[in-house]
Amino acid sequence: MNKLVLTTALAASLLAGAAHAEVKRYPLVGSNFPISRAVEVPGKQTLVFHSGMTPDPAKPDATKYSPEYWGDTKTQTLSVLNKTKASIESMGLKMGDAVKMTVFLVGPTPGAAMDFAGMMEAYTQFFGTKEQPNLPARSAFQVAGLAAPGMLVEIEIVFARP
């Protein structure tokens, strides 16, 4: 009888530990680039798929949809990540809970390449810092356009609820 109780208690303890297993982040090999090579989420965690966010106008009084209205890629990325942060905090999540990010970028002028460096300047203010070292797995794509003329950035993120 005592062995059964001990075995049951041990099994319950192991299952409880598995339920609280942490997200595992695999760094890029031979690189300090601020993304994870992969992120492993234990089966008992809840994933939150946040819709893509686009920026607020940087200068709402500027000509609608102009470059001044939206701002450059860095400005738009800061806007998107700040809006995302506010949104997820209302759900009890933090930016460090991000496990997968997809970034959609438009070139600043027709036919131009996306401003990846501008996006990274803003991104590194939220990820890979001393205060928030967790890095999501991430992809970035150049796209032809977004929901409104002049928008250069849209970001969607998947979060793992701790």
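**Close-up views of helices α3 and α4**

**View 1. Helices α3 and α4 make a right-handed crossing.** Please keep in mind that this is a predicted model. Here we look at helix α3, residues 73-89, beside helix α4, residues 116-123. Their axes come within 7 Å of each other and cross at roughly 40 degrees, which makes α3 oblique to α4.

**View 2. Residues from both helices build the contact between α3 and α4.** On the α3 side, the participants are Thr73, Lys74, Thr77, Leu78 and Leu81. Facing them from α4 are Gly118, Met119, Glu121, Ala122 and Tyr123. Sorted by class, this contact of α3 with α4 holds 5 nonpolar, 3 polar and 2 charged residues. As a reminder for reading along the helices, an α-helix has 3.6 residues a turn, so residues three or four places apart point the same way.

**View 3. Thr77 of helix α3 is a buried residue.** Its relative accessible area is 0%, and because buried means under 20%, Thr77 falls in that class. Leaving aside residues up to four places away in sequence, Thr77 touches Met119, Ala122, Tyr123, Val153 and Ile155. Among these, Met119, Ala122 and Tyr123 also belong to the α4 side of the helix contact.

**View 4. Helix α4 has buried residues covered by a helix and by strands.** The buried residues of α4 are Gly118, Met119, Met120, Ala122 and Tyr123. Their cover includes helix α3 together with β4 (98-105) and β5 (137-142).

Definitions and conventions:
Residues numbered from 1 in each chain as written. Predicted model: local features only at pLDDT ≥ 70, side-chain atom pairs only at ≥ 80, totals over all residues. Heavy atoms only, no water. Axes fitted to C-alpha atoms, helices over the stretch in contact; angles between N-to-C directions. Helix = DSSP H or I, 4+ residues; strand = E, 2+ residues; numbered from the N terminus. Parallel < 35°, antiparallel > 145°, perpendicular 65-115°, else oblique. Left-handed = near helix turned anticlockwise from the far one by under 90°. Contact = heavy atoms within 4.5 Å. Nonpolar A, V, L, I, M, F, W, Y, C, P; charged D, E, K, R; others polar. Buried < 20%, exposed > 50% of the residue type's maximum accessible area, 1.4 Å probe, protein only.
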